[in-house]
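Let's take a walk through this protein together, starting with the overall picture and then stopping at a handful of local details. Keep the viewer open as you read.

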Amino acid sequence: MRWWAGWLMGWLCWCASVMAQPGAVVLGAEDDWAPYSSVDAPGQHPAGLSPELVSAAFATQGVQVRFQSLPFARCMLHAQRGLIAGCFNATRTQDLHDRYCWHPTPLFEEELAIFGPMSAPDAMTRERMAGKRLGVTLGYTYPSEWMQDRRIIRVSAASDDNLLKMLVAGRVDYILLNTMPGWERISRMPAVQGRVKKVSVIRQDGFWVAFSKRHPEGMRLCAQFEQGLQALHASGRYQQMMAQFRARWQPH
């Protein structure tokens with residue numbers, strides 16, 4: 001813990017050295033991942049915990065934020081190319097590590113789980129998944145070891161909704177879903193309710209704003225956002241926002 005604290009303090013000192021005058025920030029917001037970030041129609045302001053946390057963290061630094069709602073894969077690509085300053089909600093995988101600027105403190109944490117039919121055995125592992133058809137969503141970030149395991153038959157779908165439909169139809173044996181967004185989707189899909197269950201949890205993932213290395217403000221904003229997150233935690237506001245969110249969206 002001492003090395004982490006020392007590293008973080010040094011990182012924050014570097015942050016202070018690169019701070020510039022605060023101004024408007026345009027970030028890409030994932031458009032289809034309720035209850036964290038989603039929109040009902042193109043062009044709408046994104047709703048969910050993520051834009052609320054991002055706005056609150058930057059507000060501690062006197063920075064206003066505007067959001068551009070995009071499909072996640074396009075959002076990440078735009079950030080990588082420098083068309084926007086950053087994109088959320090991203091996980092720090094081995095494949096993405098060097099493509100973006102990552103603030104040390106995660107925005108939030110969420111389970112990545114295996115969902116299967118009601119008849120599926122519990123406690124599924126990657127080893128037991130050998131030869132099984134595993135559904136994943138195109139453009140989403142998953143653990144590298146799961147995506148590179150040649151024993152698993154991966155089947156891609158355009159959305160998490162489609163994954164659930166494929167699972168119920170028997171076109172895949174299991175699917176990967178984040179727990180809270182998974183239960184939120186199931187609650188809106190009567191044809192799926194009572195026919196799928198969470199089989200096991202792979203891990204607890206952190207989620208970040210992936211800041212652009214090519215955008216002229218990306219690196220500075222990455223540092224400034226970490227300052228804002230630290231201030232949000234120190235004030236107790238972060239804990240309050242998370243408690244309110246979990247009380248509303250507690251998974252089943």
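Two residues are said to be in contact when they have heavy atoms within 4.5 Å of each other. With that in hand, look at the whole chain, bearing in mind that this is a predicted model. Among the contacts with a separation of 6 or more, 73% are between residues 24 or more positions apart. The protein has 8 helices and 11 strands. Of its 252 residues, 50% count as buried.

One pair shows what a long separation in sequence can look like in space. Val-63 and Phe-225 are 162 residues apart along the chain, yet their C-alpha atoms are 9.5 Å apart. You will find Val-63 in the loop between α2 (49-59) and β4 (65-70). Buried means under 20% relative accessible area, and Val-63 has 4%, so this loop residue counts as buried.

Next, the cysteines. How many disulfides does the model have? The count comes to 1, and the bond joins Cys-75 to Cys-87 with a sulfur-to-sulfur distance of 2.1 Å. Cys-75 belongs to helix α3 (residues 72-81) and Cys-87 to strand β5 (residues 86-90), so the link ties together parts that are 12 residues apart in sequence. The torsion about the S-S bond is 130 degrees, and the link of Cys-75 and Cys-87 is right-handed. Both ends are out of reach of the probe: Cys-75 is buried with a relative accessible area of 0%, and Cys-87 is buried with 0% as well. Two further cysteines can be checked for burial. Cys-222 counts as buried at 0% relative accessibility, and Cys-101 counts as buried at 10%.

Strand β5 has something else to show you if you look at its backbone. The peptide bond from Phe-88 to Asn-89 is cis, with omega near 20 degrees, and Asn-89 lies in strand β5. Another cis peptide bond joins Ala-34 and Pro-35, where omega is about 5 degrees. Here Pro-35 sits in the loop between β2 (32-33) and β3 (37-38). While you have the backbone torsions at hand, try Ala-123 too. This residue is not a glycine, but its phi is positive, at about 60 degrees. Ala-123 is placed in the loop between β7 (108-117) and β8 (133-137). Is Ala-123 buried or exposed? With 47% relative accessibility, the answer falls between those two words: Ala-123 counts as partly exposed.

From that loop, move on to strand β8, where Thr-137 is found. Thr-137 has a relative accessible area of 3%, so it is buried. Its side chain joins that of Asp-160 through a polar contact of 2.5 Å. Setting aside residues up to four places away in sequence, Thr-137 touches Tyr-142, Ala-157, Ala-158, Ser-159, Asp-160 and Leu-163.

A second aspartate is worth a stop. Asp-149 has its place in the loop between α4 (144-147) and β9 (153-157). What is its polar partner among the side chains? The side chain of Asp-149 makes a polar contact with the side chain of Arg-151, at 2.8 Å. Leaving out neighbours within four places in sequence, Asp-149 is also in contact with Arg-126 and Arg-154. Its relative accessible area is 7%, so Asp-149 counts as buried.

Finally, turn to a pair of helices. The axes of α7 (residues 218-235) and α8 (residues 237-249) come within 4 Å and cross at roughly 80 degrees. Angles of 65 to 115 degrees count as roughly perpendicular, and so α7 is roughly perpendicular to α8. Which residues meet where these helices touch? On the α7 side they are Leu-232, His-233 and Ser-235, and on the α8 side Arg-237, Tyr-238 and Gln-239. Sorted by character, the residues of this contact divide into 2 nonpolar, 3 polar and 1 charged.

Terms used:
Residues numbered from 1 in each chain as written. Predicted model: local features only at pLDDT ≥ 70, side-chain atom pairs only at ≥ 80, totals over all residues. Heavy atoms only, no water. Axes fitted to C-alpha atoms, helices over the stretch in contact; angles between N-to-C directions. Helix = DSSP H or I, 4+ residues; strand = E, 2+ residues; numbered from the N terminus. Parallel < 35°, antiparallel > 145°, perpendicular 65-115°, else oblique. Nonpolar A, V, L, I, M, F, W, Y, C, P; charged D, E, K, R; others polar. Buried < 20%, exposed > 50% of the residue type's maximum accessible area, 1.4 Å probe, protein only. Polar contact = N/O pair within 3.5 Å; in protein donor to acceptor, adjacent residues only side chain to side chain. Disulfide = S-S within 2.5 Å.
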